[in-house]
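Hi,

Here's the structure I said I'd pass on. Have a look at it first, and then read my notes underneath.

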Amino acid sequence: MVWRWRLGALLLAGMLGAAPVAAAPSQTLTVFAAASLSDAFRDLGRRFEAAVPGAKLRFSFAGSQQLAQQIANGAPADVFASADEPQMRAAITSGRIDVTTLRPFARNRLVVATDRRRDTVRTLGDLAKPGIHVVLGARTVPIGRYSHEFLQQASRPGALGADYGRGVLGNVVSYELDVRSLVTKLALGEADAGLVYVSDLNGPQGAKLGQIAIPEAWNQDVLYPIATLADSPQRRLAQAFVDYVSSAEGQMVLSRHGLRITDGARTYRRLAPTTR
Amino acid sequence: MITSVDAVSGRRRQGPLWLLPAALPLVGFFVLPLIAICWQVPGRDLLSHLQAQATLEALRLSLGTATVSTGLAVLLGTPLALAITRGTLPCRRLIDTLIDLPMVLPPSVAGIALLLTFGRNGLLGAELAAAGMPVAFTTVAVVLAQLFVAAPYYVRAATAGLARVETELEQAAAVDGAGPAQIWWRITVPLAWPALFAGMVACWARALGEFGATLMFAGNLPGVTQTMPLAVYVGFEVELSQALALAMVLVAISFATLLVLRSLDDTGRRGV
């Protein structure tokens, strides 16, 4: 009987002894990033982990509005990459962002993605045709906000007609809460068309979809800002990741995933005044 | 031991003394978050939030679909429960496990499964859509999602309740000349009623709170598929005070309904 207790104590001591060793070496970085960045950031994460020994990246991908809310409510994170400025501003208002590290790192554009098999939407105008099923992002999601702005601009005189926006909105069957759900629903053939980012057509699911380009005049300049959190326990590592994303290699990886790169100074100046 | 007679219900309260402080923490754990919601809702805006179009639409949709789903669960689930207890169905253990499955399946998985079945390119959905009866993204989808996750609660309770009804009683009634319908309504149902009722309540409550499968399968469209839980979730990102008002309404309605139903059940039982 006694030897069982001794064995148990030995095992326990062994586990306790091993635990610190298992936990110690890696520095884990928690990155909150917009859903549209999932493929690109996973790729960047792998390269970063390979380049920085001991670094371990943990991602939380969701609609930027959800991430901003989580940050405002104290969720532990080290880096936040949003799909639009309003959500970054919401996070800044909560006081948790280190604004000195704030910078734009990627851009994107809108595109109409279609169900290629059904082939019911061939032109922008077709989106407003009666009987068409359209999926959009909810207004609080960056993709939804951009989509609504596009619809407004496309309904101006000389564009696609004053009723265009109303017609498209009348065809909406669901307002999704992040852009990846949009892509999935389209890939499953649940809708005829939807408004997504150009970069979303790069992934395995997006490649199955057809696309209709949106003219520059009505397209939206999607700007992704990134920043570290002021209370991050890994400030240096977080900054290193932000620097990596903005570096030449990082930008090349981003562009391979369909995101456009930032041209630094010009776009940063646009972002700076809003940080006050 | 504390033994006393409850002034209101006339029931005796009994039990060892330590039971009270041991039992209270969980009750407190349930009550505190509800108090937190009520604390945060700004009283002035409450009325305007409650009268908002979006709130009323979501409320109407939620209550309506939950009731329809529960009705369907009772209609379809009672024969199933009866078949299980009377041994009409083969492979009883397999079917029992199958019925339990939606209860342990994560709601989002249930949503995806329903989408792949009833969606436009789904197993059944393709034919339904071609026949002019699309399912996904409609209110029907909301009902189906709720039925999938909530019906097992009813079937489980009904099976247990019906199994406890002794067949001798039914046979005795038959010997006395009662027809099958009379036996069912006057012997079986009244005896199994507490379990059937509890099952209905659990089913309704689960259907009302359903979120993951609904979002995945039915989508999010105000007035059509945006149920209360979904409206609260979306509202949380837009306007916290509106979401809190919605949440409070949901809590109040659920609590009131469950309380009323339980009191009805109590009085019914005492009458019997």
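Before we start on the sheet, one term: two strands count as paired if DSSP finds at least two bridges between them. Also keep in mind that this is a predicted model.

Now to chain A. Strand S3 (residues 79–81) and strand S10 (residues 222–228) of chain A run antiparallel to each other and are joined over 3 bridges. One spot to click on is Val79(A), whose bridge partner in S10(A) is Thr228(A).

That pair belongs to an open sheet of 6 strands in chain A, with mixed pairing and the order S2-S1-S3-S10-S4-S11. At the edges you'll find S2 (55–62) and S11 (260–261) of chain A; each has a single partner strand, so one side of each has no neighbour in the sheet.

Next, find helix H4 (residues 85–93) of chain A, which lies across S3 and S10 of chain A and runs at about 25° to S10(A). In the loop between S3 and H4 of chain A sits Ser82(A). Is Ser82(A) buried or exposed? Ser82(A) is buried, and its relative accessible area is 0%. Its side chain reaches the backbone oxygen of Asp84(A) at 2.7 Å. Leaving out residues up to four places away in sequence, Ser82(A) touches several others, including Gln87(A), Met88(A) and Tyr224(A).

Last stop, chain B. Helix H9 (residues 180–209) of chain B has 30 residues, and a straight helix like that would span 44 Å, but H9(B) spans only 37 Å between its end C-alpha atoms. H9(B) also has a kink of about 65° at Trp193(B), shortly before the proline Pro194(B).

Cheers

Conventions
Residues numbered from 1 in each chain as written. Chains lettered and ligands numbered in written order. Predicted model: local features only at pLDDT ≥ 70, side-chain atom pairs only at ≥ 80, totals over all residues. Heavy atoms only, no water. Helix = DSSP H or I, 4+ residues; strand = E, 2+ residues; numbered from the N terminus. Expected span 1.5 Å × (residues − 1). Bend = angle between axes of the 7 residues up to and from the residue. Contact = heavy atoms within 4.5 Å. Axes fitted to C-alpha atoms, helices over the stretch in contact; angles between N-to-C directions. Buried < 20%, exposed > 50% of the residue type's maximum accessible area, 1.4 Å probe, protein only. Polar contact = N/O pair within 3.5 Å; in protein donor to acceptor, adjacent residues only side chain to side chain.
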